[in-house]
Amino acid sequence: MRPSALFLLPVLVVAHDLHYNLHARQAPPSASLPSTSAASAAPTGSGSPTLSPPPTVPVTLQSTNPTAVPLSQITANETSQPTIALQSTFAAGSIPTGIPGAPPLPNAAALVPANYPPLDKTPPTDSPQVQQWIQQVASTGISIPNISVTTGAAACSANPAAAADTSRCWWTCGGCTRPSDITTCPDKLTWGLTYDDGPGFYTPNLLQYLDSQNLKTTFFVIGSRALGAPFTLQTEYMSGHQIGVHTWSHPPLTTMTNEQIIAELGWTKQVIKDITGLTPNTFRPPYGDIDDRVRAIALAMGLTPIIWTRLSPVATFDTGDFNINGGTISSSQVIVNFENIIANATTINTGFIVLEHDLFEQTVQLATGYILPEALAHNPAFSLKPVINCLNKPLSDAYVETNNNSTNPPPGGVSKSFPLFFRQRTNRLTCIYRLCGCDTLIGCFWLQPSHWIGGGEVRWNVDGWPPFGHDVYRVGHWHGRFNRWYCYRAVLRDLSLVICIPPY
Ligand SMILES: [Zn+2]
């Protein structure tokens, strides 16, 4: 019998205000910022180029790359440049530097695409893998709020009731965040650099530029793209960039059922692990489309959301570069958006996270030709780094298998039931389930002699629970029987749990 969860996830019931006063410089009202308004945070890139080109606007820049493609040529209809080869590739078995404990690099050439879902579609939810992930989510005991699925492209205008329902904390409509969402870097002038939706054909150009400037970034990876470009993903990873989950097929997640969200995130985690050897513990919801239902599912899957900084409906740190390829914004307007972002960035007391994309040729041309050179020339200087580093954590903390759970406890001050290899003994003892940080009790369990905890460490953690002292030590797993109460903090998979074992 699986113990039931008695408490809701605290972060989901805490009222939340926007982190910022809206005193930062706003984008000029005349500047159309299609991708930064709340209403258009929904998908915009699916259309074909419009008949009339989007308006160009005057641009002033301190610095550009001498080899930059002229802005006037960075358009939806531009003639594609030849792609370049990756500057470096890595043999299977290579060990990444900078990630202590990382396993040898898998053999990407051995990937079998037939073992994965069809590209660019939400994966089926009836496969054995997805069914297993659904079970794992259920076994965490994390309560998934019963919030209705949004319709269409998750646009606020198409979902007025949901948009008006502040209790669901829907970022798309109003920018609501929870404390578990990462939306900024803590230190002023520190820039969490992020590129989404790749790996793309022109990602090697971006990697080359980043290398030339000794910059590292965070890539939020589409599972379908990773399967198509595994060597590019390996180079990103082995070069010291952070890899995060984006989804398998890039849907607005609030439009998906719980099972579909699990499939989208699960397959992306899986393919990244198969290619790099490690599983990311962060994800970015496409379009920033997240509510408390999506948050709870992601949490149960060990994924912390990272969005981008948003000061107000017209001052979000989205360059809008995604929409050049769709023909709905000019490259010069993206530059203006970017200039507004950095103007706002200098007015706030924290750092910030900016959204860019490496999927399209145009977005890479803008990044390498204009945005990054301008960022590097800025005075006062920005410190550009992957989000994990801007949070003052080591790169190894960005992955489930190498995260230091002591210094970077996984999110989970939450209610949990316990995995199936424990059986609750309710006939003799009153068992207590307590919500915890990472070091308080959640329950009482009877451990059969043949049972054991695999895949994680177990610590005695008896602090404050009579009649025990304060011993804390580790065992690899449990065997045997117990004749008194034992209290444990267990780190299983990526969840921190405390178990109390009753007499046996
Ligand atoms: Zn995206």
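Here are a few friendly notes on this predicted model.

1. Some ground rules to begin with. Residues are numbered from 1 along each chain as its sequence is written. As the model is predicted, local features need pLDDT of at least 70 and side-chain atom pairs count only at pLDDT 80 or more, while totals for chains, interfaces and linings use all residues.

2. On confidence: pLDDT (the predictor's confidence in each residue, from 0 to 100) has a mean of 77 for the protein chain, with 70% of residues at 70 or more. It stays under 50 over residues 1-50 and over residues 413-504. The model still has contacts beyond four places in sequence there: 125 for residues 1-50 and 188 for residues 413-504. A contact here means two C-beta atoms, placed from the backbone, within 7 Å. Where pLDDT is low, please do not read the predicted coordinates in detail.

3. Now the core. The largest nonpolar core (buried Ala, Val, Leu, Ile, Met, Phe, Trp, Tyr and Cys residues joined through C-beta atoms within 7 Å; buried means 20 or more other C-beta atoms within 10 Å) has 102 residues. Its largest share, eight residues, comes from helix α6 (258-276), a helix being a DSSP run of H or I, at least four residues.

4. Val354 is among the residues with the most contacts inside that core. Beyond four places in sequence, Val354 touches Trp191, Leu193, Thr194, Trp308, Phe317, Thr319 and Ile341.

5. Is Ile84 buried or exposed? Ile84 is exposed (12 or fewer such C-beta atoms), because it has 12 others within 10 Å. Ile84 lies in the segment before α1 (128-139) and contacts Pro204 and Asn205.

Methods:
Helices (H or I, at least four residues) and strands (E, at least two) are DSSP runs, numbered from the N terminus.
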